[in-house]
Amino acid sequence: MKKIVLLGYMGSGKTTVGKIMSEKTGIPFFDLDEIIEKNMQKTISELFLELGEIRFRKLEHETLNHFLATQIDFILSLGGGTPCYANNHLQLQKEGITSVYLKASLPELIKRLSAEKAHRPLLASKEGDEFQEFIAKHLFERSYFYNQAKHVVSVDAKTPDEIVQEINTLLT
Ligand code: S3P
């Protein structure tokens, strides 16, 4: 039985790393945002707009609970906010679940997210100083939850393959 959860800020590479890990290990990969989008037949941006963030967090919480209660073997990539709301971090500490925080530095995240913020509703409208300050504050607030993961892997200046190799070594 393998239950591996990847967490970390937006842009930290959770989905990319999860897919490669899955190819290498044969453990099936799931992405929580994709599950929500499939269930609701709407994009995350549409759901944020229609529900607002608080109701999105409730939906995210329910989707995570249902997933954890029903899936046996998995590599699950969470949304960047998932461990930080509705006591989801406690669910992730349950026996049998191996959580891995993909830790990117603030400058690295600012660099990566400047190029890929369009589909991220929390960032899409922010520019310049406001964009950078939002990420800095957000990361500071969220780090408390991220650091409760069982393993922490720094991802700056590493390729996805190197990160996967590091995680596989940690988990064997
Ligand atoms: C969010 C991260 C997103 C998505 C939603 C909210 C967040 O997932 O769940 O836009 O609060 O950090 P990614 O981390 O996969 O971009």
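This is a chat between a student and a tutor about a predicted model of a protein with a ligand.

Student: Let's start with the sheet. Which strands does S4 pair with, and in what sense?

Tutor: Strand S4 pairs with strand S1 (residues 3-7) in the parallel sense, over 5 bridges. S4 also pairs with strand S5 (residues 151-154), again in the parallel sense, over 4 bridges.

Student: Can you give me residue pairs to click on?

Tutor: Sure. Isoleucine 4 has threonine 98 in S4 as its bridge partner. For the pairing with S5, look at leucine 102, which stands opposite valine 153.

Student: And is S4 largely enclosed or open? Why?

Tutor: Strand S4 (residues 97-103) is largely enclosed by the rest of the structure, because 6 of its 7 residues are buried.

Student: What about S3, which strands join it?

Tutor: S1 and S3 run parallel and are joined by 4 bridges. S2 and S3 are parallel too, paired over 3 bridges. To find these in the viewer, valine 5 stands opposite leucine 76 in S3, and phenylalanine 29 stands opposite isoleucine 75 in S3.

Student: Which way do the S3 side chains point?

Tutor: Phe74 and Leu76 point one way, while Ile75 and Ser77 point the other way. In a regular strand the side chains alternate between the two faces of the sheet. In S3, all four of these residues are buried.

Student: Helices now. How does the span of H1 compare with what 1.5 Å a residue gives?

Tutor: It agrees: the 12 residues of helix H1 (residues 14-25) should span 16 Å, and the end C-alpha atoms are 16 Å apart. Just after H1 comes glycine 26, with a positive phi near 80°.

Student: What does H1 pack on?

Tutor: Its buried residues pack against S1, S2, S3, S4 and helix H7 (160-171). Those buried residues are Lys14, Val17, Gly18, Ile20, Met21 and Ser22.

Student: Let me zoom in on serine 22. What does it touch?

Tutor: Leaving aside residues up to four places away in sequence, serine 22 touches Ile27, Pro28, Phe29 and Ile75. Its relative accessible area is 15%, and because buried means under 20%, serine 22 counts as buried.

Student: On to H3. What span would a straight helix of 27 residues have, and what does H3 have?

Tutor: A straight one would span 39 Å, but helix H3 (residues 44-70) spans only 23 Å between its end C-alpha atoms. H3 has a kink of about 110°, centred on glycine 52.

Student: Which residues of H3 are buried, and what covers them?

Tutor: The buried residues are Ile44, Leu47, Phe48, Phe56, Arg57, Leu59, Glu60, Thr63, Leu64, Phe67 and Leu68. What covers them includes strand S2, helix H2, strand S3, helix H4, S4 and helix H6.

Student: And lysine 58, buried or exposed?

Tutor: Lysine 58 sits in H3 and counts as exposed, at 52% relative accessibility. Its C-alpha atom is separated by 17 Å from that of aspartate 31, 27 residues apart along the chain.

Student: Switching to the ligand. Which residues come nearest?

Tutor: Of the 13 residues around the ligand, Lys14, Asp33, Arg57, Arg120 and Arg142 come nearest. Two of these elements are already familiar: Lys14 is among the buried residues of H1, and Arg57 is among those of H3.

Student: Any polar distances?

Tutor: An N or O atom in the side chain of lysine 14 is 2.8 Å from an oxygen atom of the ligand. For the side chain of aspartate 33, the distance from an N or O atom to a ligand oxygen is 2.8 Å. Glycine 81 offers a polar backbone atom 3.2 Å from an oxygen atom of the ligand.

Student: Threonine 82 is next along. Where does it sit, and what does it touch?

Tutor: Threonine 82 is in the loop between S3 and H4, and it is buried, with a relative accessible area of 0%. Not counting residues up to four places away in sequence, threonine 82 touches Leu32, Arg57, Glu60, Leu64 and Asn88. A polar atom of its side chain lies 2.9 Å from the backbone nitrogen of glycine 79.

Student: Last one: serine 125, buried or exposed?

Tutor: Serine 125 is exposed, with a relative accessible area of 59%. Its place is in the loop between helix H5 and H6.

Terms used
Residues are numbered from 1 along each chain as its sequence is written. This is a predicted model: local features need pLDDT of at least 70, side-chain atom pairs count only at pLDDT 80 or more; totals for chains, interfaces and linings use all residues. Side-chain values use heavy atoms; hydrogens and water are left out. Buried means under 20% relative accessible area, exposed over 50%, partly exposed in between (1.4 Å probe, protein chains only). Helices (H or I, at least four residues) and strands (E, at least two) are DSSP runs, numbered from the N terminus. Two strands pair if DSSP finds at least two bridges between them. The expected span of a helix is 1.5 Å times one less than its number of residues. The bend at a residue is the angle between axes fitted to the seven residues ending there and the seven starting there. Contact means heavy atoms within 4.5 Å. A residue is near a molecule or strand if one of its heavy atoms lies within 4 Å of it. A polar contact is a pair of N or O atoms within 3.5 Å; within protein, one must be able to donate a hydrogen and the other to accept it, and residues adjacent in sequence count only if both atoms are side-chain atoms.
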